[in-house]
Amino acid sequence: MKLGGGNWVNTMDVDGGPKPVLVPEAPPPVLIGNSGDVGWEYGKYCDPTNKSKIKCNFCGHISTGGIFRFKQHVANMDNSVIGCNKATPEAIADCKNHFQCTEETKSKKRQHEQDLRDDVHITSATSHGTAIEDVCVGSSSSEPNKLGPMDRYVHPIDGKSSKEEALRQLSMNKALFKERVHEASQYVARWVYTHAIPFNALDNDEFRKMCEAIGKFGPGYEPPSQYELREKLLSEEYARTKSLLDDHEKQKMKLGCTIMTDAWTDMKRRSIMNLCMHCSGRTLFIRSEETSNVSHTAEVIFELLDKAIEELGPAHVMQVCTDNASNNMGAKKLLLEMRPKIFWSSCATHTINLMLQGIGNIKRFKTIVDQEKNVTIFIYVHHKTLAHMRKCTKRRDIIRLGVTRFASNFLILQSMVEKRVALRAMVVDRAWEEMPIVKSKKVKDTTATLMDANFWKGVTICIKVFEPLVILLRLADGDVKPSMAWLYGEMLKAKIKIKEAFGNQEKMYKETISIVEKKLKGRLDTPLHKTAYLLNPHYTYANTDIFEDTDMTVAFMQCAEQYFGDDYASLAHVNHTKRRNRLTTDRLNNMVYVQFNTRMMSKKQRLMDKKKADSLLSSDASEAQGWLFEGGDDHALAVFRDEEDGDQGVHPATGIPYDVLGEAMGTQDQLQLRRSARVNMRDLEEEEFISDKEDVLEEDDIEYEGDDEY
């Protein structure tokens, strides 16, 4: 039944009875593409079902070759296409500029590929006195290549042959070359599939160089042995990578650097401490230390940091950055006693994640997030509901993977709001009602949640509150620009936006702001952060009153006194009574050094080429497990602990927090319910699902779209 611009559809309410719901009419078909191409500003589809026919808004001409041919029509730049005699100069210029930019991009890509080929140098056989019998026709390389059996059937084009014979021979060369490429690609694909090599491992310059080097070597190449990869070749690559960082050494001596620490545990349960250096907008790996046989006390951490400072040069190290664990804070005191000119800062990313964690635990926000998790868990755990959801959203998933659990929460909330109309249409669709599990409580809860207006209002509030901190997290975690000068100023803006999200009502935002200020205190509002804020012209030019702020003046004087004060003698001598194990991670250190620094150099090059990517997005689902199954948050790899919120007791002899000792002793495993207890507590009223014959969803009429990244 139609009424008021919509259709009344009977759905099942919570009690199992029919409930009429007004579903808005479907919007009119979209007559433009969703690619963001400039051509859609001047044309549209004649028929939404025929993507090749586009009608010109100026002259009414119908182009049958898609958007590319249509832009040629508007630009009047190809004799094979009828030009538009009514197009405006602006439209003609836009289309011509688009073609020019596209051609420049292709030209840069071709030049980049040629540079990669030219960068590969393999000593030819002629240099050792051996003649080469066959030479590849049309090779872009300046060095000759040996050829395989197929090339004996192809000969160079004779300059004295007729034009028809030359064209025939050229066509044969192209066909045979394509066949040879396909055959070689089959061997590459077989290696990838057999050993489960990630597909993206092939999408990099190093792989292309490897293929070019093997091609230049020719038949008979023997790959390196495992021993060569572990020893000689690894040492050579380590030395080569280190030589590529010589320019960074000059920047360190000129501008100074920051030392960063990162403790983690590998798959073999070995405790590893990574030491990195940040300088001039780039992060470099220094080395890794295995600390499995020692306690992570303040003295041990200080010793590792002090050794790194000596290697880099005490005069070049401006700052040390760690998280706020109690052992790191103990190392901070020791370092300030021995080296009073070096600043110690808390990790901004860690602090902002703690803010998001604290706000997410507030009841009003946790309720909304838990409701959304129940929806996504139910949809993704059943293959029928997942297929139906993807059909309604045109193959766009509602789960976006983030680098941390809290980034995933925000990205998924945002994704669900973008697909709100499709999700609501999904639960009132006939296919949804015809599913065998339609009478289960979880289906009714999912339907009620997605159709509840108050739920979507709560999601909107969550996004408005989380977004200012997520923007700050993206600033701190990205490498586009140094974040120190922006952290304090952007944090002040974030607090203002959070208050505005609550309508500037103190009773509404008081709890949220108190969490932000609690995590901020002593971490991102230190004299160093305030001094960077004071010296940033972006803020001082907009508000000259900053110079009159007494708090800023005091912070500036404290930083100046610490850095430019008199040289302090060693105030204390630290006795290290812990035995240090002989580190056995030299090979691992070299491998991580090569891999980490190579990736960071590639990332820096992408930023210079303006190929930006969202630093919060991830290809790993580890931090989004809570949205896929119940209890998934316990499987997150990144765990954010705040010493202020937990047990701050410390063992007097080792200085290790008691909660860390408890975790190492396996107290959680001891308190875990055994099988007999779990059986007794199992809910006997679990819903039983009958396995029916699978219904095949018709996907022929599905129109697929790409999901825009935030």
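**A walk through the cores, a covered helix and the strands**

Hi everyone, let's start in the middle: the largest nonpolar core has 65 residues, and Ile359, Phe466 and Leu469 are the ones with the most contacts inside it. Helix H17, residues 453-477, supplies the largest share of this core, 13 residues. Apart from that core lies another one, of 29 residues, and Met273, Leu304, Ala308 and Tyr593 are among them. Please keep in mind that what we are looking at is a predicted model.

Let me stay with Leu469 for a moment. What does Leu469 touch, if we leave out residues up to four places away in sequence? The list runs through Ile352, Met355, Leu356 and Ile359, then Met491, Ala494 and Ile498, and finishes with Val516.

Now a step back, for those of you seeing this for the first time. The protein has 710 residues, and 36% of them count as buried. You can find 26 helices and ten strands in it. If we take contacts between residues at least 6 apart in sequence, 60% of them join residues at least 24 apart. As for the outside, the protein exposes about 43900 Å², with carbon and sulfur atoms supplying 53% of that.

Next, a helix I'd like you to find: H20, residues 527-534. Seven of its eight residues are buried, so H20 is largely enclosed by the rest of the structure. The buried ones are Leu528, His529, Lys530, Thr531, Ala532, Tyr533 and Leu534. And what do the buried residues of H20 pack against? Two strands, S9 (317-322) and S10 (343-346), and three helices, H18 (484-501), H21 (537-540) and H22 (550-564).

From Ala532 in that helix, we can hop over to Ser483. These two are 49 residues apart along the chain, yet their C-alpha atoms are separated by 9.8 Å. Ser483 sits in the loop between H17 and H18. Is Ser483 buried or exposed? Its relative accessibility is 18%, so Ser483 counts as buried, the cut-off being under 20%. Setting aside residues up to four places away in sequence, Ser483 touches Leu475 and Ala476.

On to the strands. Strand S7, residues 271-279, is mostly covered, with eight of its nine residues buried. On the one hand, S7 is joined to strand S6 (residues 257-265) by eight bridges, and the two run antiparallel. Here Thr261 stands opposite Leu275 in S7. On the other hand, S7 pairs with strand S8 (residues 282-290), again in the antiparallel sense and over eight bridges. In that pairing, His278 stands opposite Thr283 in S8.

There is also an open sheet of three strands, in the order S3-S4-S5, with antiparallel pairing. Its edge strands are S3 (43-47) and S5 (62-63), each of which pairs on one side only. Strand S4, residues 50-56, pairs with S5 over two bridges. If you want to spot one of the positions, look for Lys55, whose bridge partner in S5 is Ile62.

Last stop, the surface. Which residues make the nonpolar surface patch of about 360 Å²? Met210, Ile214, Phe217 and Tyr221 do. Tyr221 belongs to the loop between helix H4 (205-217) and helix H5 (226-230). With a relative accessible area of 39%, Tyr221 is partly exposed.

That's my tour, and I'm happy to take questions.

Definitions and conventions: Residues numbered from 1 in each chain as written. Predicted model: local features only at pLDDT ≥ 70, side-chain atom pairs only at ≥ 80, totals over all residues. Heavy atoms only, no water. Core = buried A, V, L, I, M, F, W, Y, C linked by side-chain atoms within 4.5 Å. Buried < 20%, exposed > 50% of the residue type's maximum accessible area, 1.4 Å probe, protein only. Helix = DSSP H or I, 4+ residues; strand = E, 2+ residues; numbered from the N terminus. Contact = heavy atoms within 4.5 Å. Areas by Shrake-Rupley, 256 points an atom, 1.4 Å probe, with all protein chains shown as cover. Pairing = 2+ DSSP bridges. Patch = residues over 30% accessible without salt bridge, like charges linked within 9 Å, V, L, I, M, F, W, Y side chains within 5 Å. Salt bridge = Lys/Arg side-chain N within 4 Å of Asp/Glu carboxyl O.
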